[in-house]
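Please open the structure in your viewer and follow the stops below in order. Each stop says what to select and what is found there.

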Amino acid sequence: MTVSHPQASPASKSLVRALVTPEGVDLRLTLASAGERAAALLLDLVIIVVALIVLTILAVAAAATMKAKSQEVVQMIWLLGAFVLRSGYFLLFELTSRAATPGKRALGLRVVARDGGRLTAEAVFTRNALREIEVFLPPIFLMASSVAGDPIDGLIVLMAVIWSGAFMLFPLFNRDRLRMGDIVAGTWVVKSPRFALAPDLAGAANRSVFTPAFTFTPEQVNAYGVKELEILEDVLRRRDPRTLKAVASRIQGKIGWAPAPGETDVAFLTAYYGALRGRLEHRLLFGHRRRDKFDKA
Amino acid sequence: MNGLDLRSGRFRTEREADWRRLEALLKRAERGRAGRLSDSELLQLPQLYRAALSSLSVARATALDASLIAYLESLATRAYFFVYGTRTRLLQKVTGFFRHDWPMAVRGLWRETLVSAVIFVAATLIGYALVIHDPDWYGSIMPGAMEQGRDPTASTAALKAILYDTHHHEGLSSFATFLFTHNAQVSILAFALGFAFCIPTALLVAENGLGLGALFALYASRGLGFQVGGWLFIHGATELLATIIAGAAGFRIGWAVIFPGDRPRLDAASAAGRTAGAAMAGVVVMLVFAGILEGVGRQTVTADWARWSIAWVSLVLWLAYFYLPRGKTA
């Protein structure tokens with residue numbers, strides 16, 4: 001599992017869904033986008049295929065060293081193994097407390113009951129049984145199309161490919177990115193990222209910056225709103241020298257700040273961030289959230 | 001102004017230890033089984049979760065540190081799913097399934113099961129009638145692979161030999177495994193196709209029936225009806241019942257999608273999916289039995305009466321298990 005840092009600009013608002021806990025707090029879940037779902041699926045399919053190849057190689061190698069009588073056991077294990085890989089892989093992984101296959105984990109996704117309640121075993125079974133027609137049927141028809149002999153057969157197979165392709169593309173045609181399995185099982189797939197707690201930019205780590213050398217007038221601190229603050233936070237966390245320079249000179253120009261000799265861009269921006277956040281949080285306590293620099297109130 | 005003394009900064013320093021503790025507990029709980037946590041840790045988890053939730057509310061209302069809020073959101077969400085997620089033990093889940101969930105789900109599908117059975121029986125009768133009157137139909141009903149020498153041109157003796165063929169003895173258990181995986185895959189497909197407005201599921205069930213009727217007609221026309229019955233139903237009683245239930249589960253879903261009733265379509269579909277899903281998991285279990293009976297039982301038990309009695313006993317047992325009234329279990 002990768003631990004990533006939050007982005008300054010969150011994913012498009014259209015994918016955010018309310019999940020109010022029994023304690024009355026909205027957790028604001030973000031649905032996984034179609035692209036993320038497809039990537040996770042692809043990753044899982046690669047894992048399944050690789051596992052199947054390894055299983056087959058092992059089975060063949062084992063069978064070669066055995067007498068005919070015990071080869072049967074190998075054959076059974078292979079058959080069951082292939083069945084479990086195809087039909088059990090998704091099921092078993094989604095039944096764990098992470099509710100995600102390795103592919104979903106890698107992309108920071110998980111399966112969740114749409115009503116916010118418990119994710120039941122039946123729901124997981126159902127959503128993955130439907131995979132049979134969403135994921136496995138279209139390729140089967142496609143393969144059939146390559147062997148179909150006469151044009152009539154070819155036409156029928158083509159219709160079948162289109163028909164089953166519609167199942168596959170189903171998530172693109174609804175707001176909640178539900179695939180058919182999700183509809184029937186009452187589930188959806190949400191982002192479940194793991195963010196590390198980043199150090200507080202206005203905290204003790206930057207103590208050396210917050211000196212009287214950086215004292216801003218009320219006008220200077222009033223130049224920006226929350227949106228700009230978040231962008232500034234992101235810039236400071238990324239620490240890209242060119243961006244830092246550009247942003248620093250932009251802000252200095254706007255608030256009329258003359259850099260003292262030896263003053264670094266990071267030091268100036270950190271100090272200004274602290275001052276701006278202090279000002280905006282102070283106003284927030286009094287009930288006003290200044291959205292951005294155009295918000296005059 | 002001293003940037004160090006922000007309220008949101010003080011708030012964070014005060015609570016940070018609790019968040020870290022929750023994060024560490026979650027990490028351990030998610031990696032292995034929840035059993036890895038001690039009792040006191042398990043009790044702590046919900047408390048820490050509620051503390052994190054309240055921190056999140058406070059942070060949203062008073063802090064403008066975007067990364068802090070994102071961290072708290074992800075932490076609280078993870079903890080929520082752990083605290084309110086599935087945490088029944090696997091063994092509990094499995095016994096609950098066999099004692100209660102599975103038969104209840106099948107019973108709940110009785111209407112669809114009836115429809116599915118009627119389609120199946122009607123198709124069987126049609127298949128029978130067609131082939132009895134004109135053996136040429138056999139070829140169109142059972143094309144290719146399934147025949148394996150069982151066709152109208154074969155001699156009666158050859159047909160009979162198939163019924164008591166035991167030279168398969170070598171690979172019985174792998175044959176049973178193959179039958180199970182194949183049938184399970186087909187029944188899951190039949191179930192899933194229910195979503196496409198029931199029609200493909202009905203076709204799959206009917207196709208099964210047609211084939212059965214055709215094969216029966218072929219043998220009956222040679223006076224081997226009783227014998228082929230034993231050969232078919234020793235496992236067929238289980239397998240065909242499983243097919244019918246799989247079809248019924250598919251119908252339930254398709255029907256809910258077409259006619260959701262007075263509920264929103266999505267709710268109706270997911271309610272149907274839950275019942276049907278439990279029944280389908282049971283179908284896979286039934287097919288394990290059917291695979292063993294077909295792959296092993298049929299090759300070793302060759303007396304007609306023995307085959308027939310296994311067929312009847314299994315049918316009665318399944319029906320009793322599903323439909324006999326029983327006391328309510330919590």
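Two residues are in contact if their C-beta atoms, placed from the backbone, lie within 7 Å. Select chain B: of its contacts with a separation of 6 or more, 79% join residues 24 or more positions apart.

This is a predicted model, in which local features need pLDDT of at least 70, side-chain atom pairs count only at pLDDT 80 or more, and totals for chains, interfaces and linings use all residues. Residues are numbered from 1 along each chain as its sequence is written, while chains are lettered from A and ligands numbered from 1 in the order in which they are written.

Keep chain B selected and colour by secondary structure. Twelve helices and zero strands appear (DSSP runs of H or I with at least four residues, and of E with at least two, numbered from the N terminus).

Next, view the whole of chain B along its principal axes, where its C-alpha atoms fill a box of roughly 105 × 45 × 40 Å. Of its 330 residues, 45% are buried, meaning that 20 or more other C-beta atoms, placed from the backbone, lie within 10 Å of the residue's own.

Now select the contact between the chains, to which chain A gives 62 residues and chain B gives 60 residues. On the side of chain A that touches chain B, the elements giving two or more residues include helix H2 (68–94), helix H5 (131–147) and helix H11 (265–285) of chain A. Select H11(A) last: its nine residues are the largest share of that side.

Technical notes. A residue is buried if 20 or more other C-beta atoms lie within 10 Å of its own, exposed if 12 or fewer, and partly exposed in between; C-beta atoms are placed from the backbone.
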